[in-house]
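Work through the exercises below with the model open. Try each task before reading its solution.

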Amino acid sequence: MEIRRYERSDLEKITMIFQNTVHKVNIKDYTQEQVDAWAPDFIDKEKWNKTLSEHYTFVAVKDNVIIGFGDIDDSGYLDRLYVHHDYLRQGVATLICSKLESMIDSDLTIITHASITAKPFFEKRGYKVVKEQLVKRKGVFLKNYIMELPGPGKASL
């Protein structure tokens, strides 16, 4: 498996992984209405490409197939981390997340908004829940968690 930088030509595969993961994996923790609002049929790919290009974005590739991706911005906000459902629990998210975390100044606190499904993954990495929240997507509320990983020397909340 290779972890490499995002390229514009990856966009179609990445958005498919996002939609499929939400609908096939996150469905265990969310209703059909919630996953439909979170990962609708239409995705503004230009908007996605803009943020993926502006952030540190990496893709995991195995046998020339993209199997996961993630992105983080300069402030330490870890925005997206998704793995194709056929490659879960094989260390893909761990490798991507480690690469993303390594891109951020070690004094910064990394923050993510983790789904119910992703919360245990981030907890195992040392992230702490700061707040449980309800976010509204297309008129539908979904629960997630603001989680943070303090930089070295910072006190945990």
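Strands are DSSP runs of E, at least two residues long, numbered from the N terminus. The model is predicted.

**Exercise 1. Place Gln133, decide whether it is buried or exposed, and find its side-chain polar partners.**

Solution.
- Step 1: locate the residue. Gln133 sits in strand β6, residues 128–137.
- Step 2: check accessibility. The relative accessible area of Gln133 is 15%. Buried means under 20%. Gln133 is therefore buried.
- Step 3: look for polar partners. The side chains of Gln133 and His113 form a polar contact of 3.3 Å. The side chains of Gln133 and Asn144 form another, at 2.8 Å.
- Step 4: list the wider surroundings. Setting aside residues up to four places away in sequence, Gln133 touches His113, Leu142, Lys143, Asn144 and Ile146.

**Exercise 2. Describe the setting of Thr112: its strand, its burial and its contacts.**

Solution.
- Step 1: Thr112 belongs to strand β5, which covers residues 110–115.
- Step 2: the relative accessible area of Thr112 is 2%, so the residue is buried.
- Step 3: follow the side chain. The side chain of Thr112 reaches the backbone oxygen of Leu78 at 2.9 Å.
- Step 4: collect the contacts, leaving out neighbours within four places in sequence. Thr112 then contacts Tyr77, Leu78, Phe122, Tyr127, Tyr145, Ile146 and Met147.

**Exercise 3. At what angle do α1 and α3 pack, and which residues meet?**

Solution.
- Step 1: choose the descriptors. Two packed helices are described by the angle between their axes and the distance between the axes.
- Step 2: read both values. Helix α1 (residues 11–24) and helix α3 (residues 45–54) pack at about 100°. Their axes are 11 Å apart.
- Step 3: classify the angle. Angles of 65 to 115 degrees count as roughly perpendicular. Helices α1 and α3 are therefore roughly perpendicular to each other.
- Step 4: name the residues. From α1 come Leu11, Glu12, Ile14, Thr15 and Phe18. From α3 come Lys45, Trp48, Asn49 and Leu52.
- Step 5: sort them by class. The contact of α1 with α3 has 5 nonpolar, 2 polar and 2 charged residues.

**Exercise 4. Examine phi at Asp63 and Arg89, and say where each residue lies.**

Solution.
- Step 1: take Asp63. Its phi is near 50°, a positive value in a residue other than glycine. Asp63 lies in the loop between β2 (56–62) and β3 (65–72).
- Step 2: check its accessibility. Exposed means over 50% relative accessible area. Asp63 has 68%, so it counts as exposed.
- Step 3: take Arg89. Arg89 is not a glycine, yet its phi is positive, at about 60°. Arg89 lies in the loop between β4 (77–83) and α4 (92–102).
- Step 4: apply the cut-off to Arg89. With 77% relative accessibility, Arg89 counts as exposed.

**Exercise 5. Place Pro150, and give its C-alpha separation from Ala93.**

Solution.
- Step 1: Pro150 is in the segment after β7 (140–149).
- Step 2: Pro150 is buried, because its relative accessible area is 19%.
- Step 3: Pro150 and Ala93 are 57 residues apart along the chain. Their C-alpha atoms are separated by 19 Å.

**Exercise 6. What is the mean pLDDT of the chain, and where is the pLDDT below 50?**

Solution.
- Step 1: the chain has a mean pLDDT of 94. Of its residues, 96% reach 70 or more.
- Step 2: over residues 153–157 the pLDDT is below 50.
- Step 3: beyond near neighbours in sequence, the stretch 153–157 has 8 contacts in the model.

Definitions and conventions: Residues are numbered from 1 along each chain as its sequence is written. This is a predicted model: local features need pLDDT of at least 70, side-chain atom pairs count only at pLDDT 80 or more; totals for chains, interfaces and linings use all residues. Side-chain values use heavy atoms; hydrogens and water are left out. Axes are lines fitted to C-alpha atoms, for helices over the stretch in contact, and angles run from 0 to 180 degrees between N-to-C directions. Helices (H or I, at least four residues) and strands (E, at least two) are DSSP runs, numbered from the N terminus. Angles under 35 degrees count as roughly parallel, over 145 as roughly antiparallel, 65 to 115 as roughly perpendicular and the rest as oblique. Contact means heavy atoms within 4.5 Å. Ala, Val, Leu, Ile, Met, Phe, Trp, Tyr, Cys and Pro count as nonpolar, Asp, Glu, Lys and Arg as charged, and the others, Gly among them, as polar. Buried means under 20% relative accessible area, exposed over 50%, partly exposed in between (1.4 Å probe, protein chains only). A polar contact is a pair of N or O atoms within 3.5 Å; within protein, one must be able to donate a hydrogen and the other to accept it, and residues adjacent in sequence count only if both atoms are side-chain atoms. pLDDT is the predictor's confidence in each residue, from 0 to 100.
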